[in-house]
Structures are given as structure tokens and as C-alpha cells.
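This report walks through selected features of one protein model, beginning with its pockets and moving on to its strands and loops. Please keep the sequence and the structure in view while reading.

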Amino acid sequence: MLNAIHHVALICTDYDRSRRFYVELLGLDLIREVYREERQSWKADLRIGSVQLELFSFPAPAIRPSHPEATGLRHLAFAVTNLDPAIMRLEAAGVAVEPIRIDPYTDQRFTFFRDPDGLPLELYEAP
């Protein structure tokens with residue numbers, strides 16, 4: 001019935017800041033960007049691999065709780081070949097990165113950091 005994940009949608013509080021974070025820092029490709037006047041909302045379609053990330057802005061969006069663990073999307077994970085250079089790039093940009101952990105089931109290294117709105121993001125070292 002299902003073939004693949006097509007996209008993940010995120011709502012941000014500061015569109016320019018989040019656009020820079022995902023495009024310039026994380027390196028996602030900008031496919032298209034539109035301003036929807038009727039909703040006072042920016043929408044950017046970004047690509048990473050075969051998956052798209054939709055970045056939305058809305059006037060005064062509600063803040064979603066994330067701690068303690070809340071129902072809903074827990075985090076968004078990005079695969080990387082090597083954690084170390086990705087962590088160095090994030091830290092050089094002033095992004096706090098948690099200590100590296102080891103997945104007890106796969107023995108792969110991973111870590112977490114947050115986007116400008118506090119959304120938990122994961123870097124997962126995939127061979």
C-alpha cells in the first residue's frame with residue numbers, strides 16, 4: 001500500500017532563521033519557496049536524498065510540548081556517513097550537540113541536537 005515517505009512538514013516561529021538553518025547549515029536543497037498571502041505563510045520545499053521537508057511559517061503558531069516525552073513526532077533523524085565532521089560543523093555554528101551515544105541494537109553511533117525552535121534532530125551514523 002505505501003511506497004515511501006514523501007515529506008515531513010515542520011512549522012517554525014522564525015522562517016528566515018529556520019530556512020538558513022536547514023539550507024545553509026544542514027545543507028538541504030531548496031526546491032521551491034512560496035509566500036501564501038491568504039495565510040500570511042511562507043512555505044519552502046527542501047530535499048534531502050529522496051525525501052522532502054516542508055518548512056512552514058504561520059503567524060503566532062502554538063508551541064508544541066516536547067519534554068517530557070509528548071505524543072506525536074519524537075524526532076527527525078538524518079543519516080550521515082561520519083558523525084565527527086557533522087558535529088564539528090554544528091558546534092562551529094553555535095549549535096549545542098549532545099554527547100555521542102551508541103545504539104545498543106545496531107552498535108551505530110548517534111547524537112541529538114535541536115533546530116532553532118527546539119525540535120529534536122538526530123544524526124545517525126549509517127554505514
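Strand β1 contributes four residues to the lining of the largest pocket, the most of any element, in what is a predicted model. That pocket encloses about 930 Å³ of space, and of its 36 lining residues R64, S66, G118, L119 and P120 are the closest to the centre. Two or more lining residues come from each of β1 (7-12), α1 (15-25), β4 (51-57) and β7 (109-114). In chemical terms, the lining of the largest pocket is made up of 20 nonpolar, eight polar and eight charged residues.

The second largest pocket holds about 200 Å³, and among its 13 lining residues L25, L26, V80, A86 and L123 lie nearest the centre. Here β5 (76-80) and α2 (83-92) each provide at least two residues of the lining, which divides into eleven nonpolar residues, one polar residue and one charged residue. The table sets out the two pockets.

| Pocket | Volume | Lining residues |
|---|---|---|
| Largest pocket | about 930 Å³ | 36 residues |
| Second largest pocket | about 200 Å³ | 13 residues |

Strand β5, which helps to line the second largest pocket, shows an alternating pattern of side chains. On one face are L76, F78 and V80, which are buried, whereas A77 and A79 point to the other face and are not buried. V80, one of the residues nearest the centre of the second largest pocket, stands opposite E125 in β8. The strands β5 and β8 (residues 120-125) pair in the parallel sense over five bridges.

How are the strands ordered in the open sheet that four of them form? The order is β5-β8-β7-β6, with mixed pairing. Because β5 and β6 (101-102) stand at the edges and each has a single partner strand, one side of each is left without a neighbour in the sheet. Further in, β7 and β8 pair in the antiparallel sense, again with five bridges, and T111 has L123 of β8 as its bridge partner. L123 is also among the residues nearest the centre of the second largest pocket. The helix α2 lies across β5, β7 and β8, and runs at about 15 degrees to β7.

Elsewhere in the model, R36 belongs to strand β2 (residues 29-36). Is this residue, R36, buried or exposed? R36 counts as buried because its relative accessibility is 16%, which falls under the 20% cut-off for that class. Leaving aside residues up to four places away in sequence, R36 touches S41, K43, F56 and F58. By contrast with these contacts, R36 and Y15 are 13 Å apart in space, C-alpha to C-alpha, and 21 residues apart in sequence.

Two loop residues deserve a look for their backbone angles. Most residues other than glycine have a negative phi. Q40, in the loop between β2 and β3 (41-48), has a positive phi near 50 degrees although it is not a glycine. D107, in the loop between β6 and β7, likewise is not a glycine and has a positive phi, with a value near 65 degrees. D107 is exposed, because its relative accessible area is 60%, and the cut-off for exposed residues is over 50%.

Technical notes
Residues are numbered from 1 along each chain as its sequence is written. This is a predicted model: local features need pLDDT of at least 70, side-chain atom pairs count only at pLDDT 80 or more; totals for chains, interfaces and linings use all residues. Side-chain values use heavy atoms; hydrogens and water are left out. On a 1 Å grid over the protein atoms alone, a cavity is a set of points where a 1.4 Å probe fits but cannot get out, and a pocket is an open set with protein on both sides within 12 Å along at least five of seven lines; lining residues have an atom within 4 Å of a point. Grid points are joined across faces, edges and corners, and a volume is the space filled by probe spheres set on the points. Ala, Val, Leu, Ile, Met, Phe, Trp, Tyr, Cys and Pro count as nonpolar, Asp, Glu, Lys and Arg as charged, and the others, Gly among them, as polar. Buried means under 20% relative accessible area, exposed over 50%, partly exposed in between (1.4 Å probe, protein chains only). Two strands pair if DSSP finds at least two bridges between them. Contact means heavy atoms within 4.5 Å. Axes are lines fitted to C-alpha atoms, for helices over the stretch in contact, and angles run from 0 to 180 degrees between N-to-C directions.
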